[in-house]
Structures are given as structure tokens and as C-alpha cells.
Amino acid sequence: MVVAGGAIGVTLLVFAFRRIKPTLRSGIAIGGYWLALNLVLDVLILVPMSGMAIADYVYDIGLRYLLLPLIAAGMGIVARRSAQALDILQVPSGGDLHR
């Protein structure tokens, strides 16, 4: 389940970074939003349904959610650096490489 969730999360991040500028800041913002959303939904729905104590929830499930902002921030950094590298390698507008 963790691997499937990670694969879905990374796929969604790829789609998100196609629509917004990939940076460390945007990665932290997206990851922080997903972290908050997951924690709120879990505390409102999952914890009461499962009967878990909050401490058990944090230990078993909640700490994994810290990966969301970490992965998103890392992807933002890598995507931005890749975009900058591609800008440097682009051929001049006239198509002449010997300028």
C-alpha cells in the first residue's frame, strides 16, 4: 500500500509541476498542502473509525506523511535544475550553432 501510494503521489506531482513552476518553494507548498489535508482527513475519519489512540496513529501512519513535503520539495528542485539545464542547451533561434 505504501508503494502504491508513493507511485500515485509521484505521478500527481509530475502533473502538478507541468502546470506550475517547479521550485523548492512550490514543492514545499504542494507537499505541505497534501500533508495537512491527509492529517485532517485521518484525524476526522480514520482515527475515530479505527479506534486508534493518537499516539499510535502518529507512530504507525502519521510519520509516513512527512515524506509528502520531502518528495515534493526534492522533485521541485530537480525539475527546476533540469529546466535550467535545458535552457542553456537550446539552439539559438537562427538554428546556427556556430555563433
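Of the 99 residues in this chain, 19% count as buried. Keep in mind that you're looking at a predicted model. The accessible surface adds up to about 7400 Å², and carbon and sulfur atoms own 69% of that.

The architecture is quick to describe. There are 4 helices and 0 strands, so reading from the N terminus you simply get α-α-α-α, given that helices and strands are taken as DSSP runs. As for how the chain meets itself, take the contacts between residues at least 6 apart in sequence: 61% of them join residues at least 24 apart.

Now for the inside. The largest nonpolar core is a set of 5 residues, namely L13, F17, I30, W34 and A72. Two helices, α1 (2-19) and α2 (24-50), each supply at least two residues of this core. A72 is a good one to click on. Once you ignore neighbours within four places in sequence, A72 is in contact with L13 and F17, which belong to that core, and also with G27 and G31.

Next, follow α2 along to L35, which lies in that helix. Is L35 buried or exposed? It counts as buried, because its relative accessibility is 16% and the cut-off for buried is under 20%. What does L35 touch, leaving out residues up to four places away in sequence? The partners are Y65, L66, L68 and P69. For a backbone view of this part of the model, check R64: 29 residues separate it from L35 along the chain, yet the C-alpha atoms of the two are 9.7 Å apart.

Two of those L35 partners, Y65 and L68, turn up again when you look at the largest pocket. This pocket holds about 580 Å³ of space. It is lined by 18 residues, and the closest to its centre are V2, G5, G6, Y65 and L68. Which elements give two or more residues to the lining? They are α1, α2 and α4 (67-89). The largest share comes from α1, with 9 residues.

The chemistry of that lining may interest you if you like to think about surfaces by residue type. The lining residues split into 13 nonpolar, 4 polar and 1 charged. When you read that split, remember that Gly is put with the polar residues, so G5 and G6, both among the residues closest to the pocket centre, fall in the polar group.

Putting the pieces side by side, α1 and α2 each supply at least two residues of the core, and both helices also give two or more residues to the pocket lining.

Terms used
Residues are numbered from 1 along each chain as its sequence is written. This is a predicted model: local features need pLDDT of at least 70, side-chain atom pairs count only at pLDDT 80 or more; totals for chains, interfaces and linings use all residues. Side-chain values use heavy atoms; hydrogens and water are left out. A nonpolar core is a set of buried Ala, Val, Leu, Ile, Met, Phe, Trp, Tyr and Cys residues joined through side-chain atoms within 4.5 Å. Buried means under 20% relative accessible area, exposed over 50%, partly exposed in between (1.4 Å probe, protein chains only). Contact means heavy atoms within 4.5 Å. On a 1 Å grid over the protein atoms alone, a cavity is a set of points where a 1.4 Å probe fits but cannot get out, and a pocket is an open set with protein on both sides within 12 Å along at least five of seven lines; lining residues have an atom within 4 Å of a point. Grid points are joined across faces, edges and corners, and a volume is the space filled by probe spheres set on the points. Accessible areas come from the Shrake-Rupley method with a 1.4 Å probe; for residues, only the protein chains shown count as cover.
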